[in-house]
Amino acid sequence: MQNINKNNFLFDDISSLKGVGPKIKKYLKNKKIEKIKDLLWDLPNQIIDRSKISNLKQLEIGKMMTIKVTVSKYSFPRIMNLPNKVICTDGDKKINIIFFNSREGYIRKVLPIKNEVVISGKINYYKKNYQIINPTYIAPIEKKDDVAKIFPRYSLTEGLTEKIYRKLIDSVLNKIEDDEDWYSDEFVKKNKFRKLKDVLLNLHNPKKEIDIQSNDYRRLVYDEIISNLITLLSARRVVKIKKKKRKIVNNKFKNIILKNFSFNLTENQNNILNDIDKDIQSDNRMFRLLQGDVGSGKTILALISAAAVIESGYQVGFMSPTEILSDQHYKLAKKLFFSTNINIELLTGKTNTKEKKELSLKLKRGKINLIFGTHSLFQKKIEFHKLGLVIIDEQHKFGVKQRLELAKKGGANCDILVMSATPIPRTMMLSIFGDMDVSRLKEKPKNRKNIITLAKPEDKISELWPLLKKQISINNQVFWVCPLIEKSNKLDCSSAKNKFDLIKKIFPGKVGLIHGALEQKNKNEVLNKFLKNEIKILVSTTVIEVGIDFPNANVMIIENANKFGLSQLHQLRGRVGRGKNESICILLYKKNLSINSKKRLKILKSTNDGFLIADEDLKMRGHGDLLGLQQSGIKNFKFADPLQHKSLFLLAEKNIKKIDKNNLKKFENLLKLHDRSGIVSEIVN
Ligand code: ADP
Ligand code: MG
């Protein structure tokens, strides 16, 4: 498919396909299908096997089956709400075919008396009779081969029928022309990859459930990984190629900050600072990811780096995902930079228009050295005088595209430091952050007290009250996390609202409630009260960002702990254990835990190492269930699974080195097929 002219139609709008009018277009859009090629990536998720024709002795209730019968008798009750019925037989047994909402005329036509027919549908049993309600297929015996087939099924949204959808898919598959591969013949042969056209034809017409280890599926996976790597590495090349002005640093501010910081940096922290220092002073732009567990002490490193950049005459923008986090960082910086003449400001969505104008003006004139804020920092209207470093904190929702936009906006002399607490399994590191250099903060600050982790069955909840009472009496604070906001009839999990009502009775005036359904304003109010220690127990769902520092909170209680993934539990636990006091995390669970749940709780009790937990987490999850990553906003691959396709990830990492600007052209269509070409062409040009 390399020749762009042959299969160019794939990149056309879906409405250029015959049969797609405005209505269908809208339905397809709900499935995120907008261009013709998008249809190709939506593989069937189920197989309906109608290939076997059963006789009535073999019926199984609840199963989709195909039967061969003779029509023997009609019953058309002509009473409202009573269905029409057709009794059929195979000479031995009987079955009733029931029609709701079908007219007599239609029924007589498709099921003529005494004729032999093939019927497919779900088998029910009602008042001692087998029946099929509203059969999915009926055909005269001569056409039995049309019914008796294996059907792939797609997950369809409202308004789309199987028939229409199938037609669209087939029309596209038939139109694709065979073409030269983007891989060499040798490579294709060695890996038993077939041509993409054949692969797609096969995967859309499966004879059995899709096997994610089949050669055809693996080809899609490899294509996906490679297109992703090309994008990231092109981005990297571009950022690195352009030279920037060296920044000159003599560590005056760094020493002041460290004097105001009451701890010594760890060796790990110092080493990372050295890396960053080198980047800042080199004539290559810094494009670095600082990855470290929650509470590992990334912020102080970011602030010291900011100081260095400011020292060399540049401005620094520090972006966080929420106002509270921005505010917290802002206050910390004020404290640490107290005895310097560095001018520090805060700009968030809350800043009013007048203040915003003033801040912008000051920024433009270079009167502000360091500014904190949310996304609002990088609006079009905001101009910097001489931006030298952008720091992005807890930036899970940032993809390569956003990172590049930021680099562009920062200008030629701007370094970029991204911080993330999401532990990424090693196999995925290059595929997610391959455009950046990576520093890993593995060591926790030494003064950090261990977090004692216990698991308790939830019927022992009353044993917690004395513990909480004691902690509150010595001025400590408690997080109490529930999986649900409100009680649900479907899920047997505890809800934050219910728990709030209960705990409020035991600790009146000391409890706050926060969950995702609250307005941001109210959320902030509650969080601020908790920060100021005006409330002692905060009952919540998982809404609270992991980045906020609550040094005073040292008890974390997680209900229905078995409902959360390992990494998520670890992140929740990381909200405590940041202060001077010993911390405790209690995992409450319902009795009769599954083996996997037991294992998860055990791992959590045994270690506090986020990277280790991330790897364990990955090992325990099945295909398509990388919940931790999904929740943190890192987009999962459509086909590739880091655990199941590890060897392909490694193969791609090896081969990507052979792809450079000179042979990139060969991959043009691959990139287009995976929506990557826009990004790459922007980078390369
Ligand atoms: P995160 O990596 O999650 O952003 P923070 O930077 O918020 O972590 O650090 C968590 C806490 O640890 C802060 O209160 C910070 O002051 C403290 N901290 C950071 N570095 C050290 C250190 N070397 N020694 C002791 N405490 C530290
Ligand atoms: Mg942080």
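What share of the 685 residues in the chain is buried? Buried residues make up 52% of them. The notes below go from the overall build to the ligand, then to charged pairs and one surface patch.

1. **Model and overall build.** This is a predicted model. The chain holds 25 helices and 22 strands. Its C-alpha trace spans about 100 × 70 × 50 Å along the principal axes.

2. **Shell of ligand 1.** Ligand 1 is surrounded by 18 residues. The closest are Gly295, Lys298, Thr299, Arg448 and Asp549. Sorted by class, the shell has eight polar, five charged and five nonpolar residues.

3. **Polar contacts of ligand 1.** Three contacts deserve a look in the viewer. A polar backbone atom of Gly295 sits 2.6 Å from an oxygen atom of ligand 1. Lys298 brings a polar side-chain atom to 2.7 Å from a ligand oxygen. Gly297 has a backbone N or O atom 3.1 Å from an oxygen of ligand 1. On its own, ligand 1 has 560 Å² of accessible area, and the protein covers 90% of that.

4. **Salt bridges, overall.** Side chains of opposite charge can pair when their charged atoms come close. The structure holds 28 salt bridges. Points 5 to 8 take up examples.

5. **Lys31 and Asp42.** These two residues form a salt bridge, with the closest N and O atoms 3.0 Å apart. Lys31 is in the loop between α1 (22-30) and α2 (36-40), and Asp42 is in the loop between α2 and β1 (46-49), so the pair ties together parts eleven residues apart in sequence. Is Lys31 buried or exposed? Its relative accessible area is 16%, under the 20% cut-off. Lys31 therefore counts as buried.

6. **Glu60 and Lys63.** Here the side chains meet in a salt bridge at 3.7 Å, N to O. Glu60 is partly exposed, at 41% relative accessibility. Lys63 is also partly exposed, with a relative accessible area of 40%.

7. **Arg246 and Asp283.** What do the side chains of Arg246 and Asp283 form? They meet in a salt bridge, 3.6 Å from N to O. Arg246 belongs to the loop between α8 (215-241) and α9 (252-260), while Asp283 belongs to the loop between α10 (267-281) and β10 (287-292); the pair therefore ties together parts 37 residues apart in sequence. Arg246 is exposed at 52% relative accessibility, because the class begins over 50%. Asp283 has 23% relative accessibility and counts as partly exposed.

8. **A linked network.** Which residues join Lys37 in a network of salt bridges? Asp38 and Asp675 do.

9. **Nonpolar surface patch.** Ile79, Met80 and Leu82 make a nonpolar patch of about 360 Å² on the surface. Met80 lies in the loop between β3 (64-75) and β4 (84-89). At 71% relative accessibility, Met80 counts as exposed.

10. **Where to look again.** For the ligand, start with Gly295 and Lys298, both among the closest residues to ligand 1. For the charged pairs, set Lys31, which is buried, beside Arg246, which is exposed. For the surface, go to the patch that includes Met80.

Methods:
Residues are numbered from 1 along each chain as its sequence is written. Chains are lettered from A and ligands numbered from 1 in the order in which they are written. This is a predicted model: local features need pLDDT of at least 70, side-chain atom pairs count only at pLDDT 80 or more; totals for chains, interfaces and linings use all residues. Side-chain values use heavy atoms; hydrogens and water are left out. A residue is near a molecule or strand if one of its heavy atoms lies within 4 Å of it. A polar contact is a pair of N or O atoms within 3.5 Å; within protein, one must be able to donate a hydrogen and the other to accept it, and residues adjacent in sequence count only if both atoms are side-chain atoms. Accessible areas come from the Shrake-Rupley method with a 1.4 Å probe; for residues, only the protein chains shown count as cover. Ala, Val, Leu, Ile, Met, Phe, Trp, Tyr, Cys and Pro count as nonpolar, Asp, Glu, Lys and Arg as charged, and the others, Gly among them, as polar. A salt bridge is a side-chain nitrogen of Lys or Arg within 4 Å of a carboxyl oxygen of Asp or Glu. Helices (H or I, at least four residues) and strands (E, at least two) are DSSP runs, numbered from the N terminus. Buried means under 20% relative accessible area, exposed over 50%, partly exposed in between (1.4 Å probe, protein chains only). Patches are made of residues with over 30% relative accessible area and no salt bridge: like charges are joined within 9 Å, nonpolar side chains (Val, Leu, Ile, Met, Phe, Trp, Tyr) within 5 Å.
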